Amino acid sequence: MIYRKVWRNPVWRARAIRWAERRFLERGVHLNGRPDQFHVRTWSTVIRLPTDRGAMFFKGVWRPLRFEAGLTAAIATWAPDDVGIPLAVDGRRGWMLLEDGGQRLREILAKDRDVRHWHRILPHYAELQLATAPHVRQALKLGTPDRRAKALAKQYAALLERPSLLRVGLKEGVTNTQEKELKNLAPRIRAWTDELSVVPETIQHDDLHDGQVFVKDGRYRILDWGDACVSHPFLSMSVVERSVAYTLKLKPGSREITRLRDAYLEPFTTLASAEKLRAIYPIAIRLGWISRALSWATLVPYLSQAEKRKERGDVPRSLGRFLDPASN
């Protein structure tokens, strides 16, 4: 199925908007303008819906990520101050109706390159992860991918047996030397995850960057949980650090990045010393790139041939970053 065509299909679109209107009427809200389908990607679409209570947003996600709808609603009950607020969810179809989250952090940073936004965001995100840790079983029942210690090691080993994704020796693929290194490291993955066990596994976003954070009335909210999984919380920081360094033109390992790390880790000091957390943090940063590779590996089979060509380097690139932490 080519989902871009589904999202653009007038019949599908009309059905989605009718569903949203019914959910509005149940809450005394009325559509008062023309819907705007401003976001269409293979994996999701978003329609802005003007109402008499301000803009609302319909989001539909494709089959591999349908768990996002139920997970978003669940996180909103576990940590309501830090995520998007869903008015309605249809988990079976992967549909959700969300209140306006505000302005994207990306647009704010384009005008105000202030790293302190992340100093405020990351402790809240850490608190969210701590709050959701007791609900891991429920998250898994909703279909959230399992990348806990044992599962991560098994999935990594299985990924190395998928040559079409590794593209060994091909353009945008891993090199023969990298393939050997990746296989040699397979026995060590479980040992590394064991070192992280001082902090419980929980929800981690897996694609947390300035395009996923929204600001309204001075509050930051994290949206777009379609790449989320259950794993060690620190794995989130692989993408965070790289994204922040790229956007704000900071060097990896710089003082600014180190301060971000410390701001994120501080809420976890209720579980272990800051010294211990800083010691295991680099391991998690490396393993985070395995999680990103697995996220892409999950999606690739559902892409069209043209999209597969476009995204063919994502799995090898993530594995390359796992092999070479200095490149991140």
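This passage describes a three-stranded sheet, a buried serine and two cavities in a predicted model.

The sheet is open, and its strands follow the order β6-β8-β9 with antiparallel pairing. Strands β6 (103-104) and β9 (219-222) occupy the edges. Each of these two strands has a single partner, so one side of each lacks a neighbour in the sheet. In general, the strands of a sheet pair through backbone hydrogen bonds, in either a parallel or an antiparallel manner. Between β6 and β8 (residues 213-216), which run antiparallel, there are two bridges. Within this pairing, Gln 103 lies opposite Val 215 of β8. Helix α5, spanning residues 116-132, packs on the sheet and touches both β8 and β9. The direction of α5 makes an angle of about 60 degrees with that of β9.

Two cavities of 30 Å³ or more are found in the structure. The largest has a volume of about 60 Å³. Its lining consists of Lys 59, Glu 68, Thr 72, Val 83, Gly 84, Met 96, Leu 98, Ile 222, Leu 223, Asp 224 and Trp 225. Two or more of these lining residues come from each of the elements α3 (67-78) and β5 (95-99). By character, the lining of the largest cavity comprises six nonpolar, two polar and three charged residues.

The second largest cavity has a volume of about 50 Å³. Asp 82, Arg 120, Ile 121, His 124, Tyr 125, Tyr 220 and Ile 222 form its lining. Here the elements that supply two or more residues are α5 and β9. Helix α5 makes the greatest contribution to the lining of the second largest cavity, with four residues. The residues around the second largest cavity divide into four nonpolar, one polar and two charged. Ile 222 is listed in the linings of both the largest cavity and the second largest cavity.

A separate site concerns Ser 238, which belongs to helix α10 (residues 237-247). The relative accessible area of Ser 238 is 3%, so this residue is classed as buried, the cut-off for that class being under 20%. When residues up to four places away in sequence are not counted, Ser 238 touches Ala 284, Ile 285, Gly 288 and Trp 289.

Terms used
Residues are numbered from 1 along each chain as its sequence is written. This is a predicted model: local features need pLDDT of at least 70, side-chain atom pairs count only at pLDDT 80 or more; totals for chains, interfaces and linings use all residues. Side-chain values use heavy atoms; hydrogens and water are left out. Two strands pair if DSSP finds at least two bridges between them. Contact means heavy atoms within 4.5 Å. Axes are lines fitted to C-alpha atoms, for helices over the stretch in contact, and angles run from 0 to 180 degrees between N-to-C directions. Buried means under 20% relative accessible area, exposed over 50%, partly exposed in between (1.4 Å probe, protein chains only). On a 1 Å grid over the protein atoms alone, a cavity is a set of points where a 1.4 Å probe fits but cannot get out, and a pocket is an open set with protein on both sides within 12 Å along at least five of seven lines; lining residues have an atom within 4 Å of a point. Grid points are joined across faces, edges and corners, and a volume is the space filled by probe spheres set on the points. Ala, Val, Leu, Ile, Met, Phe, Trp, Tyr, Cys and Pro count as nonpolar, Asp, Glu, Lys and Arg as charged, and the others, Gly among them, as polar.
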